[in-house]
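User: I am a first-year student, and I would like to understand how the words used for a structure follow from its values. Could we go through some of them with care?

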Amino acid sequence: MPEVAIGLWCIAGFLGIGVAATILGGRAIATPLVYGATLLVALGAVLLALTTLLGGAAPSTVVLPIGLPGIGAHFRLDALSAFFMLVVNLGAAAASLYGIGYGRHEHSPMRVLPFFGPFLAGMNLVLLAADAFSFLLSWEFMSLASWTLVVAHHREPANIRAGFIYLAMASFGTLCLLLAFGLLAAPGGDFTFAGMRGATVGGSAAALATLLALVGAGSKAGLVPLHVWLPLAHPAAPSHVSALLSGVMTKVGVYGFIRIVFDVVGDFSSWAGLVVVLAGGATAVLGVLYAVMQRDLKRLLAYSTVENIGIVFIGLGLALAFRANGQGPAAALALTAALFHVFNHSVFKSLLFFGAGAVLTATGERDTEKLGGLIHRMPQTAVVFLIGCMSIAALPPLNGFVSEWLTFQAILLSPQLPQWGLKFAVPAVGAMLALAAALAGACFVKAFGVVFLSRPRSPAAAQATEVDGFALTAMLTLAWICILAGTLPGLVVDALAPVARQLAFVALPPQAGLPWLSLVPIADSRSSYNGLVIFFFLVASGTMTAAVVHRLASRSTRKSPIWDCGYPLDSPVTQYSSSSFAQPIRRVFGTVLFGVHETVDMPRPGETRAGRFRMRVRDPAWRFVYGPLARGVLRGAVRLNRLQFLTIRRYLALVFAALIVLMLVVAIWR
Amino acid sequence: MTDLVAALPLSPVALVLLVPTLAIPVLAVISDYRLSAGLNMLVSGLTFAAGLLLLAAPHERGDFLIIDDFNIFLIVLTTFVGFTTSVYSASYIGHELETGKLTPAFLRFYHAMYQAMMGAMNLALVSNNIGLMWVGLEVATLATVMMVGIYRTPEAIEAAWKYFILGSVGIGLAFFGTILIYMVSSTVIGAGVPAMAWDEIVRNAAALDPKLLSLAFVFLLVGYGTKVGLAPFHAWLPDAHAEGPTPISAVLSGLLLNVALYALLRFKMVLAGNPLAIDVGAILMTLGLVSLLFAAFMLYRRRDIKRLFAYSSIEHMGIATFAFGIGGPLANFAGLLHMTMHSLVKSAIFFAVGHVAQAKGTQRLADISGLSSTHPVLAVGFALGVIAIVGLPPFGVFMSEFLLVSTAFGRQPLLTVVLVAGLILALGALLMRMQQVVFGEPRGKSDPVKASYVPLFVHLLLALVAGLWLPEALVRWFRGVAALLG
Amino acid sequence: MNALWFDIAHLLAAGVLVLSLMLLYQDRITAVINVFALQAVVLSLSVGWQSVVQGAPHLLATAFIALVAKGIVIPTALHRIVRKLDVHREVERVVSGGPTMLAGLGLIALSILLVQPVVETADPVAREDFAFALAVVLLGLLLMITRRNAVTQVVGFMSLENGLVLAATGAKGMPLVVEVSVAFSVLIAFIVFGVFVFRIRERFDTVDVNVLDRFRGERREHL
Amino acid sequence: MALTVDTALAVGLALQLLQITLVVAIAPLIMGLTRKVRARLLRRRGPPLLQPYLDLWKLFHKEAVVADNASWVYRRAPYVIFAATWVAAGLVPTYATGLLFSWSADLIAVVALLGTARFALALAGMDVGTAFGGLGSSREMMIASLAEPAMLLIAFAVALIAGTTQLSAIAALFATGDVGVRVSLGLALLALIIVGIAENARIPVDNPATHLELTMVHEAMILEYSGRHLAMIEAAAQVKLVLYFSLVACLFAPFGMAAGDKSWAALALGLATWLAKLLVFAVLLPIAETTVAKMRVFRYPAFLGSAFAAAALAVFLRFVSRGF
């Protein structure tokens, strides 16, 4: 049986689990059964993906007699699909494991369980689909399934709104992709990817298709300004689903872009690269700025997803530009960086969302202003969450740094590009990337510092308890993946070689054989990084110093109340809060971009009322794009609505007028 | 009338026409509503069976009747939806009687009219004679007028009256167009019955006078377009749907609009045969887009759940019309598929809506919410219906819209952008309402509904299957007709 | 065909047209009804003449129906309604007389413009008649939308239908003409019936002014 | 000198270790020197040169006072900070290029390692949950977010010229002198100095000697620390200063560094020149500091923005001057 068939069986399994969950109904046993089953299937899919990716098997295809009449449903499993299948199902497996424990807290399981399997099925189906119809069908099916999970907690109006915006944006994206496919299939009318690859569309058509793909897939991945649904929808879902939405489904969006632009469109001009790079840079910076300013933990994570998607798209744009100029190795580097980051982000974002979910179950709070001090109540969660934070903040020796380092290396190759626009734009984007990385550091110092460190800001936080073993196991696994991928990046890069070879026609030099397992993307003289050595040095020097100090110098410590320069106040509100932590950055970057407006009214001396701090942050995307749009639609609706209340005579007049107009048309026709 | 008689004894065609016709007087006298409802079901079932027989029947033509690719399937569809609707209406009117909104006396009338409408629509479908087609459509219209007004509430009477007046004018104009066609064709074919036979006219289309032909089409367009519900001839449609009994809303949206569009397409074929005649495609595209956009905007301010979906019917008729306006094998294919899917899904939605209205005791959207908490099954059916109708997979509407948009974009990029905008607008409005109805805290009263969900889910299942896999025969049929449509 | 016959047919058809033009500028309801009755009579004459010309006896039936139903029965019924429901005797116009007439002339011009350039294969009688019929139909519609008064609107619809009959009979050998004219008479009967039953004094869409405007689905007040 | 492979390895290891130990050993001295010079410039006698060593010694032997609600983060952080800074410093070429582990981290990685240290420091500042700690952390992160883009552009400009981000490779190339003097390099140097000042919490961005909490950034974060923990953080700060000095040295004044052949003479020379450079910088820094005044917090963007502008200009001029 070809690999792709096995993949389809996995998908069938997921769907079957959905059906089974519906049959099982709301029984208590349903939760562990469903998640256990999805865990097994997902692990199977991971195995399949790994064997396909590492075994270097030739792409296998299957055509089922369904779908578009006369064309059928084509499915194909190649290196690209395999890699993303790995990402998707790794996340899926972790989420399922986490869900076994977490799902017990779900108050209406029948709104989650039946849709979990189909959601996973949808994502996998997108990766295997090899003709426009099946692709879009699975694409939209995925959106639909995830939508049901977003509105699972349907009694909060905010979630309903989130679900609506999400589904509307998703359909918009789908229609854009549909238009793109319409262009690509136009010459032959052949909707299979193979046919589209063969068909040669005009330059302008290809360009338009690329743009449409960017918009369509970008709206799923969360490119600014198409990201608005993301921070609403991701937090609305149950946390393990949020992890999938944020860590995995956005990657499927990235896959869609890669599949269409790199694979199906094939030939393109370097300006496309420029557009994508700029879009990525803007997304990265804006996304992380949003993130820093959030006080809702899950929304913060969602916005940071936007940032990371931006980083991925920077890499993809560079790859486009290099490939358009026939610079294979550079393209391979950029592409590898992007895919590496895809992998990393899927891992640590899932980890962080699991952590947020743990906090949510332990305290019932998502608002960072009401958390704090959890490191004492939930130590294990704190450790893994810290690892996640450090990885996403791109700190060596963890994995987040490696992918960003690779992206920087690709950026440093940009002077090779002949186009002046790129020459000047790419360094600027590089600076944006650096800015994003630094702000991400700030963002996650805030996240960890406010939630886990400092003193509890609410009784709920003070009473928190550690989460169950399943959840901890899931988080621990992901944390280990972060560390391993950070210290042994060469192996990941080698695993990505087939994908690079497929899309950039060359791959990076093999890394596994290098001395000390170091990472040398281009040439020894050019640049190299060795996570393993750094990790070893850090651990060694740290422990050594500690040991020396403790042995030779004092090791005694004395407990004492907080000093705080002599006037400690024991009310937790005197601490730096989440929004006060963000204040300097808000001031520096937000004033223009987000129309940040802060007002403080201080009671006069002697007045008893409390002082008040009011802050307004306006999202430019809503301010300049969606707000006006919605208003316009409503205005039009109101105008036209008069037509509902005319008298019959007026309606007849309408008919009459139309008749006369048509007759005039006939009269002047030829 | 010779060959109409020759069609007897009991060829499927005759059955399709006779069974309902004969049932009319019977149903008109039976007063016990259970019996009459059952009989109604039985008759509709028989008609459906006859329609199925028609699939096997050979293609035959007479000056009055014709059986060709184009109408066989529509007959099957019509009789099928007619059947399911009769099943649904049996459970629906039971509730109406209990709540005293209807009396058995009215029900006799109701069932008689139901069969009259079914028979008339079948007549319009099978008739080869354009005059006969006209008669069928008009009888169907008048029958529905009767039923729209059946609740005798002021709103209902008002809606029926509006429908009646606009309908009559439409009747007049369509008839004028028909005469005109006859005049033109009679100069070529020669006076008499053959000059009104559609296939004769098509055969000689190239020889006919283009100017008068165009003029005739204009009148037919306005006349039948009124029944298709294309803006700006749509005025009767929303109120008629909203105020009539829900089964009637279902057949109005699911069938009558289709049949009227079918009539228009027959004449489009005629004009397609004449190179000098006016460009029908352009007109249809314009009307289609106007209807689509107009309806999409109107969806946002609706307060009555049935009126909401009535407007969505206008929208979808616009889409189909646009597809036929674009023309070409793929677009026509998409249009036909869209007609089919729309009649299945929209009637399913009305089935659901009817029960919702009965459960909540109101049609005001503002008073309906949290359905998934109080009536899970109904909520699922309703949600699936809306998801299907806005063109989300894996339902059939998605496939038709996929084909339409992807092919149209190559031919009419700008118009297609408008089309997509309209689709998004409509989708937004419907999803917003659907979420409001299905989710949130339950509001208002919520009675248990003892309803048969079978018709609802059968329709949805069919739409689902069609979205994933179209049977070979269906595809062949669509392809054939698409070729005819040019 | 004999030129005289042709001229007579032409004359009668033109008469129908002129009368529907007259309908446009009547401003008293009784007068409107009377003019309509006259139009019906002329129509029946023209139809009868056509039956002679075409040698189609069944058209006589049509002519008879036109004469009886629209020439006698319906006008008397309308007169009764006017008396019963004491509709305002004055016709309230939406557009004043002058512009209406101009529009009417414009419509006539348009219809002739549309039908004239038809190639000569078409039978001249039919063509002439047809131009007039088209004009009559359009004028009837115009009458319906420029008058507020229900009765006038009914009359408008009926004169529209007169146009249809004119066209139908003009088309040589047209099948079903009789059936259709019967059907239309029934339709009109319904409308008149409706006007009477629903006590529509003023506009078509107020099935009783003082009750129904408050009972429209989704009234403006709701918004 | 002909060496067998493993002896070469041993020598390489030794040289690397020498550098790693040197940067730590010498750091307090450099700090002391800057303080001394500064005091002199302010007409004070100032502490003795070796005072920092004594301070560290004292702190190490005191018992550490730890707040009740401090977590393990608070206790581990100083060691992490020190280790990260130390490793970074150990990988910046000082007296010789091409050391054994020079390839294990390039310029970007070194900067990132400092980022790790900063991350730990900021967390430590927030751990106990005081107003000052949070204030310090948030400002520190803000400054970092302003400094990093400039730093990346500096790396970009240098890499444009050297064609690599490998520090020792860059140094080796520039040491040959055939690169010549470039405008871009000058601008990059300027930018790097500004960034360095901000990163090391020197005037005008921060005042290491301040005792007014509201003006503190670095000091505010470590307000709660005492004893050995404080000592580790102080040591880290000193090492960081040395790191930046040697970074400037190896990027912009790489002369005298021992290149490919590690002959004793070359090594000795490299060592000497390196120390000399450190001394010069240690004298120049306080001079610059005394001429300016501490800035308000929200003036930093302008200050660091100038660094960004300079670095960007360096990059773009590089394109132009290459002229294609």
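User: What makes S403(A) count as buried?

Analyst: This is a predicted model, and every value here is computed from it. A residue is called buried if 20 or more other C-beta atoms lie within 10 Å of its own; S403(A) has 30 C-beta neighbours inside 10 Å, so it counts as buried. The residue sits in helix α16 (residues 399-412) of chain A.

User: Which residues does S403(A) touch, not counting those up to four places away in sequence?

Analyst: S403(A) touches A337(A), F340(A), H341(A) and N344(A). For A337(A), the separation from S403(A) is 66 residues in sequence, while the two C-alpha atoms are 5.3 Å apart in space.

User: How do you know that the length of helix α17 of chain A agrees with what is expected?

Analyst: The expected span is 1.5 Å times one less than the number of residues. Helix α17 (residues 420-451) of chain A has 32 residues and should span 46 Å, and its end C-alpha atoms are 46 Å apart, so the two values agree. As for its surroundings, α17(A) is mostly covered, with 27 of its 32 residues buried.

User: What is the span of helix α2 of chain C, and what follows this helix?

Analyst: Helix α2 (residues 29-54) of chain C has 26 residues and reaches 37 Å from its first C-alpha to its last, which is close to the 38 Å expected at 1.5 Å a residue. After α2(C) comes G55(C), whose phi is positive, near 60°.

User: How many helices and strands does chain C have, and which of its residues does UniProt list as "transmembrane region"?

Analyst: Chain C has 8 helices and 0 strands, and read along the sequence its pattern is α-α-α-α-α-α-α-α. For "transmembrane region", the unreviewed UniProt entry lists residues 6-25, 32-52, 58-78, 99-118, 130-147, 154-171 and 177-198 of chain C. Among these, residues 6-25 are 100% helix and 0% strand in the model, with end C-alpha atoms 30 Å apart; residues 32-52 are likewise 100% helix and 0% strand, and their end C-alpha atoms also lie 30 Å apart.

User: What share of the residues of chain C counts as buried?

Analyst: Of its 223 residues, 49% count as buried. Looking at contacts in chain C with a separation of 6 or more, 72% are accounted for by residues 24 or more positions apart.

User: Why is strand β5 of chain A said to lie largely in the open?

Analyst: Strand β5 (residues 612-616) of chain A has 5 residues, and the number of them that are buried is 0, so it lies largely in the open. This strand does have a partner: strand β4 (residues 597-601) of chain A pairs with β5(A) in the antiparallel sense over 5 bridges. Within that pairing, V600(A) stands opposite F613(A).

User: Which strand of chain A is joined to β1(D), and in which sense do they run, parallel or antiparallel?

Analyst: Strand β3 (residues 557-560) of chain A is joined to β1(D) by 4 bridges, and the two run parallel. In this arrangement, R558(A) stands opposite V65(D).

User: Which chains have the most contacts between them, and what makes up the side of chain D that touches chain A?

Analyst: Among the 4 pairs of chains that touch, the most contacts are between chains A and D. In this pair, 72 residues of chain D are in contact with 70 residues of chain A. On the side of chain D, α5(D) gives the most, with 19 residues, and the residues of that side divide into 46 nonpolar, 16 polar and 10 charged.

User: How do you know that chain D does not touch chain B or chain C?

Analyst: Two residues are in contact if their C-beta atoms lie within 7 Å. No contact joins chain B and chain D, whose closest C-alpha atoms lie 40 Å apart, and chain C and chain D do not touch either, with their nearest C-alpha atoms 51 Å apart.

User: Which residues have the most contacts inside the largest nonpolar core?

Analyst: They are A191(D) and A311(D), in a core of 694 residues. The largest share of this core, 23 residues, comes from helix α13 (residues 328-363) of chain A. Leaving aside neighbours within four places in sequence, A191(D) is in contact with A150(D), I154(D), A307(D), A310(D), A311(D) and A314(D).

Conventions. Residues are numbered from 1 along each chain as its sequence is written. Chains are lettered from A and ligands numbered from 1 in the order in which they are written. This is a predicted model: local features need pLDDT of at least 70, side-chain atom pairs count only at pLDDT 80 or more; totals for chains, interfaces and linings use all residues. UniProt positions are given in the numbering used here, feature names are shortened, and annotations may be inferred rather than shown by experiment. A residue is buried if 20 or more other C-beta atoms lie within 10 Å of its own, exposed if 12 or fewer, and partly exposed in between; C-beta atoms are placed from the backbone. Two strands pair if DSSP finds at least two bridges between them. Ala, Val, Leu, Ile, Met, Phe, Trp, Tyr, Cys and Pro count as nonpolar, Asp, Glu, Lys and Arg as charged, and the others, Gly among them, as polar. A nonpolar core is a set of buried Ala, Val, Leu, Ile, Met, Phe, Trp, Tyr and Cys residues joined through C-beta atoms within 7 Å.
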